[in-house]
Amino acid sequence: MADPDVEQVAAALQVSVGLLRRRLRQAPSPGDLTLPEVAVLARLDRGGPTTAAEMAKLEQISPQSMGATIGALEARRLIERRPDPDDGRRAVISASETGLELLWNRRNARAEQLAHALSAGFTRSELELLMAAAPLIERLAQSI
């Protein structure tokens, strides 16, 4: 078998990862969070507290859109705002315990869906290949 070229690998990954994301999104999950809300909670979970402006920059959306998302999360007590210790004019947002619990429940539900599908239709050697590919896919995502 000839080595695949970069464009073939990119196209195959785009199709397969896209299909996986769509299927996971379509499945019911606890909490009824929007995709922007999930993105904010996940980033706060991974990166810790930050300002709304920095969050908008990281998520590559307008400050106004981020403000609406943060407002919705705050109304549900899924995030907390505190004065920035370095600049009292700004606020630092962090995920609340309730927000983190909801995020973890959502992740666990998705992981359970994946685990069920993997256990039902994949061989041991296929599972080993997928495990080896996971860090590569994560590294690819971080490099985009």
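**Exercise 1.** Determine whether R22 is buried, partly exposed or exposed in this predicted model.

*Solution.* Step 1: buried means under 20% relative accessible area, exposed over 50%, and partly exposed in between (1.4 Å probe, protein chains only). Step 2: R22 has a relative accessible area of 44%, so R22 is partly exposed. Step 3: R22 lies in helix α1, residues 6-26 (helices are DSSP runs of H or I with at least four residues, strands runs of E with at least two, numbered from the N terminus).

The model is predicted: local features need pLDDT of at least 70, side-chain atom pairs count only at pLDDT 80 or more, and totals for chains, interfaces and linings use all residues. Residues are numbered from 1 along each chain as its sequence is written, and side-chain values use heavy atoms, with hydrogens and water left out.

**Exercise 2.** Find which helices the salt bridge between E59 and R43 links.

*Solution.* Step 1: a salt bridge is a side-chain nitrogen of Lys or Arg within 4 Å of a carboxyl oxygen of Asp or Glu. Step 2: the side chains of E59 and R43 meet at 2.5 Å, N to O. Step 3: E59 is in helix α3 and R43 in helix α2, 16 residues apart. Step 4: E59 is partly exposed at 22% relative accessibility, and R43 is partly exposed at 24%.

**Exercise 3.** State which helices the salt bridge between R107 and D45 links.

*Solution.* Step 1: the side chains of R107 and D45 meet at 2.7 Å, N to O. Step 2: R107 belongs to helix α5 and D45 to helix α2, with their positions 62 residues apart in numbering. Step 3: R107 is partly exposed at 33%, as is D45 at 27%.
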